[in-house]
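Biologist: Please take a close look at one part for me: the empty space and whatever lines it. Start from a single residue and work inwards.

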Amino acid sequence: MKAVVLVGGFGTRLRPLTVTTPKQMLSVVDRPMIEYVVSTLKRGGVSEVTLALGYKEDLFRASYPDAVCGGVSLSYAVEPEPLDTAGAVRFAADTVGIDEPFLVVNGDVLTDIDVRSLWDRHREIGAQATIALTRVQDPSRFGVVPTDAQGKVLGFVEKPSRDEAPTNWINAGIYVLEPEILGRIARGRRVSIEREVFPSVVAENGLWAVKSEAYWIDIGTPSTYVQAQLDLIDGVRGPAMTAVAAEARVDEDAEVERSVVMEGATVAVRAVIRDSIIMQSAVIEEDASVDGSVIGPGAHIGRGAKVTRMSIVGDRVSVGAGRLVDGSKIPSSD
Ligand code: GDD
Ligand code: MG
């Protein structure tokens with residue numbers, strides 16, 4: 001099985017972290033996000049992955065110089081300019097020569113959805129495309145997908161307003177596509193799979209879906225980026241992962257509660273860290289507090305400073321002693 005993984009977005013909702021690091025290369029507890037995505041694919045039987053990208057492609061290559069990621073062989077399809085979700089799939093398929101059914105996944109989804117059973121169901125139905133669905137509380141920031149009892153998709157509405165969403169079942173960002181789908185994607189311009197391709201396949205009764213109750217989270221926003229990591233250390237997805245890296249230094253009189261402290265980070269005496277992510281080599285000085293926030297790689301939080309309410313401090317940014325950062329991103333992106 002071959003898979004195309006979409007990793008070419010700008011990660012704007014995770015700025016300022018994504019100014020230096022593409023979203024899928026941001027660490028999640030102890031390794032880059034992309035490695036979780038590849039593991040899920042590998043478990044389902046995928047042996048070749050093509051990364052469809054453009055934005056900061058060099059950082060992917062630098063991390064996987066031997067073109068192997070999570071035990072799977074990698075190839076790259078580098079778009080000359082962002083072609084959007086379907087344009088990127090076509091470009092990647094042209095680049096590596098895909099002419100058989102293949103998987104496509106959004107690179108910012110962490111999930112235990114069984115891609116093998118999605119694949120098998122797709123073959124059984126003989127659909128043009130089969131997509132995995134997951135259920136969420138607020139469908140308005142996703143692709144909303146009503147189906148009939150057999151799983152035939154009746155409509156595909158990308159990001160409807162809250163009161164217009166016909167169901168809570170949404171596009172989980174994992175698809176099996178027949179190669180014929182590629183022929184409907186124009187070359188050389190932006191084409192959205194959600195807004196253009198899927199609605200046209202629905203109109204021909206060719207789009208099917210499989211519902212899944214498995215763990216699923218899109219970590220493209222600050223709160224879900226934090227949540228996904230707390231889930232891993234809380235053991236929500238299997239054995240709990242270690243929250244504080246062996247190579248981190250946490251003073252014995254610091255308080256670290258339900259938080260991730262990545263390698264090389266320092267948490268000084270009487271600092272208090274709660275429900276937060278302290279990234280590689282960040283320094284939290286004495287008496288500082290971090291609550292429900294993300295401290296980027298190499299950032300410095302001065303003595304007695306307070307960072308709270310889903311703030312994001314960018315890499316190598318310094319927050320002065322005693323300062324308050326409340327619900328904001330620094331530096332701000334606008
Ligand atoms: N190569 C490439 N080129 N990749 C892209 C481009 C592009 O131009 N634009 C976006 N991507 C990648 C992103 O990096 C990400 O991995 C994936 O495509 C999806 O983009 P997001 O920006 O994260 O989309 P979203 O989260 O708002 O919505 C999508 O995902 C939801 C599920 O997580 C849609 O597919 C929704 O329908 C879906 O419900
Ligand atoms: Mg996303």
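**From one helix to the inner space**

Modeller: Arg-121 lies in helix α5, which covers residues 115-125. This is a predicted model, so every value here is computed from predicted coordinates. The relative accessible area of Arg-121 is 27%. That value falls between the 20% and 50% cut-offs, so Arg-121 is partly exposed. Beyond four places in sequence, Arg-121 touches Gln-150 and Val-210. Ala-240 is another matter: 119 residues separate Arg-121 from Ala-240 in sequence, and their C-alpha atoms are 32 Å apart.

Now go to the start of that helix. α5 begins at residue 115, and Val-115 belongs to the lining of the largest cavity. How many cavities of 30 Å³ or more does a search of the whole structure find? The count is one. The volume of this cavity is about 70 Å³. Its other lining residues are Tyr-36, Val-37, Thr-40, Leu-41, Val-105, Asn-106, Val-109, Thr-111, Gly-173 and Ile-174. By class, the lining has seven nonpolar residues, four polar ones and no charged ones.

Which elements build that wall? α2 (33-43), β7, β8 (109-111) and β12 each give at least two residues. The top contributor is α2, with four.

Two of these elements also pair with each other. Strand β7 (residues 102-106) is joined to β12 by four bridges, and the two run antiparallel. Within that pairing, Val-105 has Ile-174 of β12 as its bridge partner. Both residues of this bridge line the cavity. β12 is also joined to strand β9 (residues 129-135), again antiparallel, over six bridges. There Ala-129 stands opposite Leu-177 of β12. In general, strands of a sheet pair through backbone hydrogen bonds, parallel or antiparallel. As for exposure, nine of the nine residues of β12 are buried.

β12 leads straight on to the largest pocket. There β12 (169-177) again supplies at least two lining residues. So do β4 (48-53), α4 (84-96), α6 (193-203) and β14 (216-218). The volume of this pocket is about 950 Å³. Its lining counts 41 residues. Nearest its centre lie Gly-9, Arg-13, Asp-84, Thr-85 and Glu-194. The class split is 14 nonpolar, 14 polar and 13 charged. Compare the cavity lining, which has no charged residue.

Next, the packing around β4. Val-49 falls within β4 (48-53). Not counting neighbours within four places in sequence, Val-49 contacts Ala-3, Val-5, Leu-41, Val-72, Ser-73, Leu-74 and Ser-75. Val-49, Val-5 and Leu-41 are among the residues with the most contacts inside the largest nonpolar core. Others in that group are Leu-51, Leu-103, Leu-110 and Tyr-225. The core has 59 residues. Another core of 32 residues lies apart from it, with Ala-92, Ile-98, Phe-156 and Val-191 among its members. Leu-41 ties two themes together: it is a member of the core and part of the cavity lining.

Ser-75 gives the view from the other side of that contact. Ser-75 sits in strand β6 (residues 72-78). Its relative accessibility is 24%, above the 20% cut-off for buried, so Ser-75 counts as partly exposed. Past its sequence neighbours, Ser-75 meets Val-49, Thr-50, Leu-51 and Val-96. Val-4 is 71 residues from Ser-75 in sequence, yet their C-alpha atoms are 9.4 Å apart.

One more opening deserves a look. The second largest pocket holds about 220 Å³. It is lined by 16 residues, and those nearest its centre are Val-29, Asp-30, Ala-245, Met-262 and Glu-263. The lining has nine nonpolar, three polar and four charged residues.

Further along the chain is an open sheet of five strands. Its order is β15-β18-β21-β24-β27, with parallel pairing. β15 (249-250) and β27 (318-319) form the edges, each pairing on one side only. Inside the sheet, β18 (residues 266-267) and β21 (residues 283-284) share two bridges in the parallel sense. Val-267 stands opposite Ile-284 of β21.

Terms used
Residues are numbered from 1 along each chain as its sequence is written. Chains are lettered from A and ligands numbered from 1 in the order in which they are written. This is a predicted model: local features need pLDDT of at least 70, side-chain atom pairs count only at pLDDT 80 or more; totals for chains, interfaces and linings use all residues. Side-chain values use heavy atoms; hydrogens and water are left out. On a 1 Å grid over the protein atoms alone, a cavity is a set of points where a 1.4 Å probe fits but cannot get out, and a pocket is an open set with protein on both sides within 12 Å along at least five of seven lines; lining residues have an atom within 4 Å of a point. Grid points are joined across faces, edges and corners, and a volume is the space filled by probe spheres set on the points. Ala, Val, Leu, Ile, Met, Phe, Trp, Tyr, Cys and Pro count as nonpolar, Asp, Glu, Lys and Arg as charged, and the others, Gly among them, as polar. Buried means under 20% relative accessible area, exposed over 50%, partly exposed in between (1.4 Å probe, protein chains only). Two strands pair if DSSP finds at least two bridges between them. Contact means heavy atoms within 4.5 Å. A nonpolar core is a set of buried Ala, Val, Leu, Ile, Met, Phe, Trp, Tyr and Cys residues joined through side-chain atoms within 4.5 Å.
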